[in-house]
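Here is a friendly briefing to read with the model open beside you. Take the topics in whichever order suits your work.

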Amino acid sequence: MTKDKECAVRNLHFVYLLTLVFGTIIHFSNESEFVVDMSKIGLTRVRKDLSPKTKVLDLSQNYISELHLSDIGFLSGLKVLRLSHNRIQCLDISIFKFNQDLEYLDLSHNRLQKISCHPITTSLKHLDLSFNDFDALPICKEFGNLTQLNFLGLSATKLQQLDLLPIAHLHLSCILLDLEGYFVKENEKESLQILNTKELHLVFHPNSFFSVRVNISVNSLGWLQLTNIKLNDDNCQVLIKFLSELTRGPTLLNFTLNHMETTWKCLVGVFQFLWPKPVEYLNIYNLTIVESISEEVFTYHETTLKALNIEHVINRVFIFSQTALYTVFSEMTVPMLTISDTPFVHMLCPQKPSTFTFLNFTQNIFTDSVFQNCHTLVRLETLILQKNELKHLFKVGLMTKGMLSLEILDVSWNSLEYDRHDRNCTWVGSIVVLNLSSNILTDSVFRCLPPRVKVLDLHNNRIRSIPKDVTSLETLQELNVASNSLAHLPGCGTFSSLSILIIDYNSVSNPSADFFQSCQKIRSLKAGNNPFQCTCELRDFIQSVGQVSSEVVEDWPDSYKCDYPESYKGTPLKDFRVSQLSCNTALLIVTIGVPGLVLAVTVTVLCIYLDLPWYLRMVCQWTQTRRRARNVPLGELQRALQFHAFISYSEHDSAWVKNELVPCLEKEDIRICLHERNFVPGKSIVENIINCIEKSYKSIFVLSPNFVQSEWCHYELYFAHHNLFHEGSNNLILILLEPIPQNSIPGKYHKLRALMAQRTYLEWPKEKSKHGLFWANIRAAFNIKLILVTENDDVKA
């Protein structure tokens with residue numbers, strides 16, 4: 001039997017009570033006024049302020065001593081009434097005549113000595129009168145009308161065979177009979193016939209040796225529970241005789257002993273008595289062994305017993321033969337044996353091939369030596385060794401070597417560890433379910449596992465990573481590594497058959513988005529409650545979660561929240577948003593780089609088209625000259641003009657300048673500045689150009705195709721035009737010596753293009769008759785009286 005089933009067997013009465021009570025509470029809990037809990041508040045009487053709509057009323061564990069019709073008669077809809085653990089001495093059944101819907105009535109643990117019988121509602125399903133002070137069983141003939149009754153609890157100090165005759169025709173599920181106060185003289189014997197019940201629970205006095213001499217017969221009994229059994233070697237036969245009649249029927253399949261104190265000899269005697277009986281499931285809870293433990297003869301007859309379950313053993317015998325104790329259990333011919341929460345330090349290997357298919361030794365003190373070199377457990381399919389003193393995983397593997405049918409092994413809650421420097425682990429090849437949880441295992445455990453394991457539980461260990469070179473787990477289907485220190489989701493390259501992965505409560509911060517692609521067979525992933533870092537890397541994982549079925553990712557989205565950065569802490573992953581641009585490096589580079597590249601190309605093209613380098617050089621030269629000029633004294637900078645005009649021309653046009661232009665101007669007393677006679681040696685060409693332009697009233701430019709091709713002419717034109725805006729005067733005179741086609745001017749000389757398009761220029765006529773007008777226009781440009789300073793500082797008008 002499983003542990004859950006065993007607990008259910010042990011607590012039938014409790015389960016029965018809770019099922020009906022809480023089932024009713026849940027059914028009526030939509031409105032709080034339907035459920036009233038007044039337990040444990042020191043009441044001495046029933047309060048009068050109860051709502052008439054009350055369905056469930058709990059008055060247990062108070063000091064109520066009397067019940068009257070007026071207390072509960074107005075609660076016409078009452079279904080559940082709990083009055084246990086009070087001080088009620090007398091009960092008149094008629095007080096419930098207006099409670100026609102009452103289904104659950106608990107009056108146990110009071111001081112009732114008698115009840116007044118009257119008709120009672122036929123809807124009653126649970127009636128508990130146990131643990132009271134009745135002398136005889138409190139059975140009214142009216143109880144025979146309770147056709148829906150399932151549970152009946154009674155108390156008595158004496159029994160008569162026909163006490164239960166009024167309810168003989170009822171088919172009850174369970175009868176609880178409290179015999180704590182039962183007493184009969186040693187030479188007397190009573191009888192009680194219980195006709196129809198499936199379960200019978202007898203409770204005896206906890207501090208008295210078992211001495212009940214009553215012959216109880218039950219038809220179709222399937223489950224028998226005895227509580228508070230205190231035995232010694234003298235009265236052991238009293239119990240066995242008491243059980244003889246109860247265990248006679250072929251339908252008794254479950255037998256439970258609660259709170260049993262006995263000698264070892266008597267316990268073996270009880271086993272021997274029950275061995276040939278039809279009982280299939282024998283449960284002993286809270287067993288205390290006293291006096292002595294010595295070797296007892298036990299004959300293992302053919303038995304129908306399928307499972308022996310012993311939980312919580314206290315051994316008050318400190319010196320005894322361990323062989324005598326363990327041999328009785330190791331040689332049992334039952335399929336399932338559970339001995340848990342005991343001080344047993346060992347269990348012997350059966351001397352011959354055993355019938356055991358299930359062994360559960362939870363919470364003992366077993367060490368690594370248990371079942372070593374044992375080859376008789378060949379039928380064993382399930383072995384549970386939880387909460388023992390196992391330390392070496394290598395030895396656990398060796399222990400299974402002879403268990404050729406073993407499929408399920410549970411060694412959780414031990415102190416197991418595995419040193420990777422140990423020898424290769426040896427396991428029986430039949431293990432498919434292995435529980436190694438709650439130990440101190442590390443990453444190396446993956447090198448010491450059964451080769452065909454399908455379900456592996458490693459939660460609550462010290463695992464930091466799963467080695468990628470593990471090659472022996474191709475059949476693994478379910479892996480639980482919760483509550484470790486794993487930083488990454490494992491891929492399924494190592495676990496090609498993995499379908500269930502539990503990895504919550506680890507240190508996974510950036511789960512891989514490729515997980516679902518790697519694990520094509522995964523149908524359940526539980527990875528919540530990890531310290532997720534909500535960054536760009538996590539965005540891809542969130543998107544991949546959205547692409548799988550909602551049933552695959554368990555606890556999504558409640559258990560998946562950001563832990564870092566602080567601004568996102570506590571934010572569910574499904575609500576985490578980050579832009580595509582900030583996460584895609586390539587896109588970010590393209591977004592920034594392409595416009596930057598386009599801008600760079602555009603600037604480069606414009607620079608080439610507008611000859612920006614040339615103008616930059618001009619600005620640089622101008623700046624350097626102006627900086628040097630700042631070092632000249634202020635008085636010198638403010639000197640008057642030295643020339644009427646500075647002439648800029650191409651060397652190819654020098655003949656016309658020297659033979660025509662200069663003589664014509666100088667005969668009119670116009671002082672001319674020419675580079676070949678007025679540039680100061682030692683200064684740079686650019687500096688000389690700037691000085692001549694600044695010391696001249698006008699700047700004359702002789703334009704021709706030759707001028708266009710001269711870079712120095714363009715320097716002079718650039719600085720003269722700059723000086724025009726700097727001084728705020730009209731100091732440029734353009735003479736067109738020869739026509740210049742617009743398309744012959746290079747694009748980089750857009751200044752020249754602009755000047756020719758915007759300013760009036762004088763064109764040199766080819767006809768001699770027009771020369772006079774040309775020279776008149778030139779002289780008109782100088783028709784002003786200027787004070788010129790000569791190079792020797794002489795003033796000339």
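What follows is a short tour of confidence, nonpolar cores, one helix, two sheet regions and one serine. The model is predicted. Across the chain the pLDDT averages 83, and 83% of the residues score at least 70.

**Where confidence is low**
- Residues 1–31 have a pLDDT below 50, and the model gives this stretch 56 contacts beyond near neighbours in sequence.
- Residues 724–729 also stay under 50 in pLDDT, with 7 contacts beyond four places in sequence.

**The nonpolar cores**
- The largest nonpolar core holds 174 residues, and Leu 226, Phe 242, Phe 329, Phe 371 and Leu 436 touch the most other members.
- Helix H5 (residues 264–274) is the element that gives the most to this core, contributing 8 residues.
- Where does this core lie with respect to domain 1 and domain 2? Both domain 1 (84–167) and domain 2 (204–344) supply residues to the core, so it lies between them.
- Another core, of 22 residues, lies apart from that one; Val 662, Ile 700, Trp 775 and Ile 778 are among its members.
- Phe 242 is a handy residue to click on: outside its neighbours within four places in sequence, it is in contact with Leu 202, Phe 204, Phe 210, Val 212, Val 214, Ile 216 and Leu 226.
- As background, nonpolar side chains in soluble globular proteins tend to be buried together.

**Helix H5 and its surroundings**
- Helix H5 is largely enclosed by the rest of the structure, because 8 of its 11 residues are buried.
- Those buried residues are Trp 264, Cys 266, Leu 267, Val 268, Val 270, Phe 271, Phe 273 and Leu 274.
- Which elements do the buried residues of H5 pack against? They pack against two helices, H4 (236–246) and H6 (322–330), and against strands S13 (254–263), S14 (281–290) and S15 (307–315).

**Strand S8 and its partners**
- Strand S8 (residues 151–155) is mostly covered, with 5 of its 5 residues buried.
- Both faces of S8 are covered: one side carries Phe 151, Gly 153 and Ser 155, the other Leu 152 and Leu 154, and all are buried.
- Strand S7 (residues 126–128) pairs with S8 in the parallel sense over 3 bridges, and Leu 127 stands opposite Leu 152 in S8.
- S8 also pairs in the parallel sense with strand S9 (residues 172–179), over 5 bridges; here Gly 153 stands opposite Leu 176 in S9.

**The five-stranded sheet**
- In what order do the 5 strands of the open sheet run? The order is S28-S27-S29-S30-S31, with parallel pairing.
- Strand S28 (672–673) and strand S31 (762–763) form the edges, each pairing on one side only.
- Strand S27 (residues 643–648) and strand S29 (residues 696–703) are joined by 5 bridges in the parallel sense, and Phe 646 has Ser 699 in S29 as its bridge partner.

**A close look at Ser 108**
- Ser 108 is found in the loop between strand S5 (104–106) and strand S6 (114–116).
- Is Ser 108 buried or exposed? Its relative accessibility is 4%, under the 20% cut-off, so Ser 108 counts as buried.
- The side chain of Ser 108 makes a polar contact with the side chain of Asp 106, at 2.8 Å.
- Beyond its neighbours within four places in sequence, Ser 108 is in contact with Leu 83, Ser 84, His 85, Asp 128, Ser 130, Phe 131 and Asn 132.

Terms used
Residues numbered from 1 in each chain as written. Predicted model: local features only at pLDDT ≥ 70, side-chain atom pairs only at ≥ 80, totals over all residues. Heavy atoms only, no water. pLDDT = per-residue confidence, 0-100. Contact = heavy atoms within 4.5 Å. Helix = DSSP H or I, 4+ residues; strand = E, 2+ residues; numbered from the N terminus. Buried < 20%, exposed > 50% of the residue type's maximum accessible area, 1.4 Å probe, protein only. Polar contact = N/O pair within 3.5 Å; in protein donor to acceptor, adjacent residues only side chain to side chain. Core = buried A, V, L, I, M, F, W, Y, C linked by side-chain atoms within 4.5 Å. Domains from an automatic or database assignment. Pairing = 2+ DSSP bridges.
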